[in-house]
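Here's a quick tour of the model you have open. Keep the 3D view handy as you read.

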Amino acid sequence: MDEIENIVILTGAGISAESGLATFRGPDGLWEGHHVEDVCTPEALARNADLVHRFYDERRAKLRDVAPNPAHQALAALDAQWPGELLVVTQNVDDLHERAGTKRLIHMHGELRSALCAACGMAAPWIDPLPPGVRCRRCGQSSLRPDIVFFGEMPYHMEAIDEALRRADLFVSIGTSGAVYPAAGFVQTARHAGARTLELNLEPSAGSLYFEQSRIGPASRLVPELVRELLV
Ligand code: APR
């Protein structure tokens with residue numbers, strides 16, 4: 001691919017599926033019979049904090065059993081070697097991109113291994129369970145919650161993402177169903193700004209029609225192939 005300098009890559013649950021983390025909307029995309037929309041909301045946290053904390057404690061603990069796969073590794077190699085601008089924006093709250101070595105990374109939906117104080121706004125690394133009632137080290141209030149962007153909350157770093165999308169020559173979406181905005185709209189922002197658009201996914205997605213090209217297959221094969229094309 002020639003004449004490409006600036007790249008934005010959006011990743012979703014599909015890039016971590018082959019590492020053993022369940023996607024949200026697949027056949028195994030339920031948790032104890034709950035839709036994610038029912039446990040990942042501010043209302044659910046207020047109504048049933050135990051349930052919400054347990055959901056995230058289990059997912060945080062699961063990170064110990066999984067490792068980056070060839071798709072994460074290929075993106076880390078691209079990040080290390082790409083001479084132009086590059087930004088990986090992930091909707092995932094796992095830490096597999098950073099464990100693979102990607103540095104130019106934004107977690108737009110937050111991170112499992114971080115706790116957020118709802119009272120004072122402090123965010124701190126967190127690897128252990130986070131039961132309701134734990135006190136914030138800064139303000140002393142018992143308002144610590146998972147540092148996750150719930151449905152109905154504003155994703156992180158939207159300004160920086162928007163600026164990168166408007167400068168992008170290439171926008172690539174990997175392993176996301178295109179069901180959740182604002183990430184589902186990034187392809188249109190990038191396209192209006194003149195970027196080429198490419199989707200890599202196991203199956204056609206809700207957003208496929210907005211992409212110039214869709215490649216169908218597992219991320220562990222398609223992402224290393226794309227990175228080889230970009231780095232020739
Ligand atoms: N390789 C590539 N794509 C895959 C693979 C794979 N090995 N396995 C699954 N996929 C695809 C699925 O076909 C599906 O289209 O990944 C997509 C995953 O879609 P979702 O489960 O909806 O996950 P995602 O798009 O990341 O969800 C967006 O929704 O629940 C919220 O905040 C949560 O960040 C999440 C957001």
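## Ground rules

Helices (H or I, at least four residues) and strands (E, at least two) are DSSP runs, numbered from the N terminus. Residues are counted from 1 along each chain as its sequence is written. Bear in mind that this is a predicted model: local features need pLDDT of at least 70, side-chain atom pairs count only at pLDDT 80 or more, and totals for chains, interfaces and linings use all residues.

## The loop with S142

S142 sits in the loop between strand 5 (123-125) and strand 6 (144-148). Is S142 buried or exposed? It counts as exposed because it has 12 C-beta neighbours inside 10 Å. The cut-offs are 20 or more other C-beta atoms within 10 Å for buried, 12 or fewer for exposed, and partly exposed in between, with C-beta atoms placed from the backbone.

Skipping neighbours within four places in sequence, S142 is in contact with G133, V134 and R135 (contact means C-beta atoms, placed from the backbone, within 7 Å).

## Four cysteines

The same loop, between strand 5 and strand 6, holds C136 and C139. An unreviewed UniProt entry annotates C117, C120, C136 and C139 as "binding site"; such positions are given in the numbering used here, feature names are shortened, and annotations may be inferred rather than shown by experiment. These cysteines span 23 residues in sequence, yet no two of their C-alpha atoms are more than 8.6 Å apart, so they gather at one spot.

C136 counts as partly exposed because it has 19 C-beta neighbours inside 10 Å, while C139 is exposed, with 12 other C-beta atoms within 10 Å. Leaving out residues up to four places away in sequence, C139 touches C117, A119 and C120. On that basis the contacts of C136 include C117, C120 and M122.

## Two domains and a ligand

Domain 1 covers 1-20 + 67-109 + 155-232 and domain 2 covers 22-65 + 110-148, with bounds from an automatic or database domain assignment. Their C-alpha centres lie 25 Å apart. Twelve residues from domain 1 and ten residues from domain 2 make the contact.

Which residues come nearest the ligand? Of the 24 around it, they are G12, G14, T23, Q91 and S177 (near means a C-beta atom, placed from the backbone, within 6 Å). Each domain supplies at least three residues to this shell.

## Helix 5

Helix 5 (residues 70-81) has twelve residues. Its buried residues, among them H72, L75 and L78, pack against strand 1 (7-11), helix 1 (14-17), strand 2 (86-90), helix 6 (96-100) and helix 9 (219-231).

Notes:
Two residues are in contact if their C-beta atoms, placed from the backbone, lie within 7 Å. The expected span of a helix is 1.5 Å times one less than its number of residues.
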